[in-house]
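I opened a fresh page today to write down what I looked up in this structure, one topic at a time. Each entry starts from something I wanted to find out.

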Amino acid sequence: MSYKAYSDYAVFDAEYGFAVRAGFQLTKLQIEDVHSFLGWENSKNFYEVGGGKTVVSSVVALMRGNTQKIVTVPPVLITPWAKWLNKISENVLVYRGTPKERRALNLGKAHWIVVSHAIFRDDSPRISAELAPDAEIIVDEAQALKNPASVLYKKVDRLCKGL
């Protein structure tokens with residue numbers, strides 16, 4: 001399954017109905033940042049708490065049109081991310097559970113995959129192997145990647161280089 005890519009938020013909103021799905025419109029600053037981030041291969045968003053990092057990063061991912069998006073988060077943020085993504089999109093898979101339960105999950109059918117940093121670190125070979133070639137990754141609370149020598153940093157970096 002492929003998704004349409006957009007380069008302009010107004011066109012995206014008109015066709016996709018983002019503001020209706022979300023229940024609000026992005027601010028002018030958020031729209032400007034969406035347009036900036038769309039042109040960058042990698043971006044970092046340092047809004048204050050409540051500034052809209054989740055919203056902006058998910059809009060950018062949607063507008064890029066990638067078949068799959070994976071969101072790595074601290075465990076406490078899995079449910080809020082999944083609720084948000086189910087509001088604005090479809091085919092959201094929460095990748096958690098025992099190793100046996102995770103092996104039973106079908107990653108290929110998911111448009112969005114929400115996973116904790118720790119499970120991503122542990123299951124990255126499987127996740128990387130089963131993601132679409134154009135998959136996009138969002139790392140929430142990216143301070144978990146501050147140490148380039150950490151296993152999580154290396155796994156995220158390897159996935160990004162492989163996409």
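Before the first entry I need one cut-off: a residue counts as buried when its relative accessible area is under 20%, as exposed when this is over 50%, and as partly exposed in between. I also note that the model is a predicted one.

**Entry 1: a serine in a strand**

I began with S116, which lies in strand β3. Is S116 buried or exposed? Its relative accessibility is 4%, and because buried means under 20%, S116 counts as buried. I then looked for its contacts, leaving aside neighbours within four places in sequence, and found that S116 is in contact with V73, P75 and I78.

**Entry 2: the strand around it**

From the serine I moved to the whole of β3, which covers residues 112-116, and I found that five of its five residues are buried, so the strand is largely enclosed by the rest of the structure. Which residues sit on each side of β3? On one side I listed W112, V114 and S116, and on the other I113 and V115, so that both faces are covered, as all of these are buried.

I next looked up the partners of this strand. Strand β1, residues 69-73, pairs with β3 in the parallel sense over five bridges, and strand β2, residues 92-95, also pairs with β3 in the parallel sense, over four bridges. V115 turned up on both lists, for T72 stands opposite V115, and V115 is the bridge partner of Y95 as well.

**Entry 3: the protein as a whole**

I stepped back to count the elements, and the protein has eight helices and four strands. Read from the N terminus on, they run α-α-α-α-β-α-β-α-β-α-β-α. Of the 163 residues, 46% are buried. When I took contacts between residues at least 6 apart in sequence, 62% of them joined residues at least 24 apart. The accessible surface comes to about 8,800 Å², and carbon and sulfur atoms account for 56% of this area.

**Entry 4: the nonpolar cores**

Which residues touch the most other members of the largest nonpolar core? This core has 27 residues, and the ones I noted are F12, F18, V59, W81, W84, L85 and W112. At least two residues of this core come from each of α1, α2, α3, α4, β1, α5 and β3, and helix α4 gives the largest share, with seven residues.

I followed W84 further, not counting residues up to four places away in sequence, and saw that it touches F18, A22, F24, T54, V55 and S58. There is also a second, separate core of 13 residues, which includes I119, F120, L131 and A135.

**Entry 5: salt bridges**

Side chains of opposite charge can pair when their charged atoms come close. How many salt bridges does a search of the whole structure find? It finds five, and I wrote down some of them.

E15 forms a salt bridge with K4, with the closest N and O atoms 2.6 Å apart. E15 lies in helix α1 and K4 in the segment before α1, so the pair ties together parts that are eleven residues apart in sequence. E15 is partly exposed at 47% relative accessibility, and K4 is partly exposed with a relative accessible area of 48%.

The side chains of D123 and R102 also meet in a salt bridge, at 2.6 Å from N to O. D123 lies in helix α7 and R102 in helix α6, so this pair ties together parts that are 21 residues apart in sequence. Here I found D123 buried, with a relative accessible area of 14%, and R102 buried at 9%.

**Entry 6: two aspartates in loops**

I then looked up D140, which lies in the loop between β4 and α8. D140 is buried yet has no salt bridge, and the nearest side chain of opposite charge, K53, is 6.3 Å away. Apart from residues up to four places away in sequence, D140 touches T54, T72, V73, P74, L77, W81 and H117.

My last look was at D134, whose place is in the loop between α7 and β4. With a relative accessible area of 31%, D134 is partly exposed. Leaving aside neighbours within four places in sequence, D134 is in contact with G65, N66, T67 and Q68. The C-alpha atoms of D134 and R64 are separated by 9.9 Å, though these residues are 70 apart along the chain.

Definitions and conventions
Residues are numbered from 1 along each chain as its sequence is written. This is a predicted model: local features need pLDDT of at least 70, side-chain atom pairs count only at pLDDT 80 or more; totals for chains, interfaces and linings use all residues. Side-chain values use heavy atoms; hydrogens and water are left out. Buried means under 20% relative accessible area, exposed over 50%, partly exposed in between (1.4 Å probe, protein chains only). Lys and Arg count as positive and Asp and Glu as negative; His and the chain ends are not counted. A salt bridge is a side-chain nitrogen of Lys or Arg within 4 Å of a carboxyl oxygen of Asp or Glu. Contact means heavy atoms within 4.5 Å. Accessible areas come from the Shrake-Rupley method with a 1.4 Å probe; for residues, only the protein chains shown count as cover. Two strands pair if DSSP finds at least two bridges between them. A nonpolar core is a set of buried Ala, Val, Leu, Ile, Met, Phe, Trp, Tyr and Cys residues joined through side-chain atoms within 4.5 Å.
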